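Work through the exercises below with the sequence and the structure side by side. Try each task before you read its solution.

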Amino acid sequence: MNKEKYIPSSSIIEIVGHWLLAFSFILLFLSGMGFLFSFWRPFHLLFGGSRGAAVIHHKTGILFSLSLLICFLAWIKECFPNKEDIIWLKKRRFKAGLYKIPKKGKFNTLQKTYFWGVIFFGLLAIISGHIFNNSRAFSHTFLIWNYALHTLCASFFLFSGILHIYMRIFVHPGALTGIIIGKVSRQWAKNHRTSWLEKKEKQIEDY
């Protein structure tokens, strides 16, 4: 890898937080789906049965909460809405090739929206999961609605996660290195993170 062509894009905290969140969701999905669909219960054998799956689901929920907090603290500054988002949205109304792509920071408007969606549904999942752990304090009707809410949160993470992986691999090839080794190519950054690259290179020059 030619170091001259790559630029640091993600800290070790960002990388760890991202993969902990991904890993914990996968484990939550595998251990939790059997409680939603009976045909999924054979997967509980991976955890020693339904009781083991419930224990793993609960313990992994703690890891999920921690990783969500790490991601929130790591990216909230970069994902806070600004005037660049308004420009990006206006420009995106036109067909590709008919306009100059607007400058973008580390994350574009849709990525920021995804971030806040992860935080929002993540918090709802944590709260609804905590309610299940204290189910005796709530009515049966309330628990049914809570069950639906928890399922909605899981659905968001499942489908948005699949789309996220597709976008990273096929739509924006080259992005994965940023969250694996913490670096992206300068050419990729120039195409996808123009204003962020300008600030980053200025910091390197000043240093």
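**Exercise 1.** In which loop does Glu 78 lie? Place the residue, then find its partners.

*Solution.* Keep in mind that this is a predicted model. Step one: Glu 78 sits in the loop between α2 and α3. Step two: check its exposure. The relative accessible area of Glu 78 is 32%, so Glu 78 counts as partly exposed. Step three: look for contacts beyond four places in sequence. Glu 78 is in contact with Lys 106, Phe 107 and Lys 112. Step four: take one of these partners, Phe 107. Glu 78 and Phe 107 are 29 residues apart along the chain, yet their C-alpha atoms are separated by 6.9 Å.

**Exercise 2.** List the order of the elements along the chain, and state how confident the prediction is.

*Solution.* Start with the count. The chain has eight helices and two strands. Now read from the N terminus: the order is β-α-α-α-α-α-α-β-α-α. Turn to confidence. The mean pLDDT of the chain is 87, and 90% of the residues reach 70 or more. Compare the elements next. Helix α1 has the highest mean pLDDT, 96, while helix α8 (residues 194–206) has the lowest, 73. One stretch needs care: over residues 95–99 the pLDDT is below 50. Beyond near neighbours in sequence, that stretch has three contacts in the model.

**Exercise 3.** Which residues have the most contacts inside the largest nonpolar core, and which helices supply that core?

*Solution.* Begin with the whole chain. Of its 207 residues, 35% count as buried. The largest nonpolar core holds 22 residues. Leu 21, Trp 75, Val 118 and Phe 157 have the most contacts inside this core. Next, trace the helices. At least two core residues come from each of α1 (12–32), α2 (50–75), α4 (109–133) and α5 (140–171). There is also a second, separate core of seven residues, with Ile 7, Val 184, Ala 189 and Trp 196 among them. In soluble globular proteins, nonpolar side chains tend to be buried together.

Now zoom in on Trp 75. Skip its neighbours within four places in sequence. Trp 75 is then in contact with Glu 14, His 18, Lys 106, Phe 107, Phe 115 and Ile 179. Finish with the long-range share. Among contacts with a separation of 6 or more, 68% join residues 24 or more positions apart.

**Exercise 4.** How many salt bridges does the whole structure hold? Locate each pair and decide whether its residues are buried or exposed.

*Solution.* A search of the whole structure finds two. Take the pair Glu 14 and Lys 106. Their side chains meet at 2.8 Å, N to O. Glu 14 is in helix α1 and Lys 106 is in the loop between α3 (83–91) and α4, 92 residues apart. Apply the cut-off: buried means under 20% relative accessible area. Glu 14 is at 8%, so Glu 14 is buried. Lys 106 is at 7%, so Lys 106 is buried too.

Now take Asp 85 and Lys 112. Their side chains meet at 3.0 Å, N to O. This pair links helix α3, which holds Asp 85, to helix α4, which holds Lys 112, across 27 residues. Asp 85 is at 8%, so Asp 85 counts as buried. Lys 112 is at 5%, so Lys 112 counts as buried. Side chains of opposite charge can pair when their charged atoms come close.

**Exercise 5.** Which helix gives the largest share of the nonpolar surface patch?

*Solution.* First, the surface as a whole. The chain exposes about 13,700 Å², and carbon and sulfur atoms supply 70% of that area. Next, name the patch. Its residues include Trp 19, Leu 163, Tyr 166, Phe 170 and Ile 181. Together the patch residues have about 950 Å² of accessible area. Helices α5 and α6 (176–180) each supply at least two of them. The largest share is from α5, with six residues. Tyr 166 belongs to that helix, α5. Its relative accessible area is 45%, so Tyr 166 is partly exposed.

**Exercise 6.** Which residues does His 192 touch, leaving out those up to four places away in sequence?

*Solution.* Locate the residue: His 192 is in helix α7 (residues 186–192). Its relative accessibility is 22%, so His 192 counts as partly exposed. Now list the contacts. His 192 touches Lys 104, Gly 105 and His 172. Last, a distance. His 192 and Ala 175 are 17 residues apart in sequence, and 9.3 Å separates their C-alpha atoms.

Terms used: Residues are numbered from 1 along each chain as its sequence is written. This is a predicted model: local features need pLDDT of at least 70, side-chain atom pairs count only at pLDDT 80 or more; totals for chains, interfaces and linings use all residues. Side-chain values use heavy atoms; hydrogens and water are left out. A nonpolar core is a set of buried Ala, Val, Leu, Ile, Met, Phe, Trp, Tyr and Cys residues joined through side-chain atoms within 4.5 Å. Buried means under 20% relative accessible area, exposed over 50%, partly exposed in between (1.4 Å probe, protein chains only). Helices (H or I, at least four residues) and strands (E, at least two) are DSSP runs, numbered from the N terminus. Contact means heavy atoms within 4.5 Å. pLDDT is the predictor's confidence in each residue, from 0 to 100. Accessible areas come from the Shrake-Rupley method with a 1.4 Å probe; for residues, only the protein chains shown count as cover. Patches are made of residues with over 30% relative accessible area and no salt bridge: like charges are joined within 9 Å, nonpolar side chains (Val, Leu, Ile, Met, Phe, Trp, Tyr) within 5 Å. A salt bridge is a side-chain nitrogen of Lys or Arg within 4 Å of a carboxyl oxygen of Asp or Glu.
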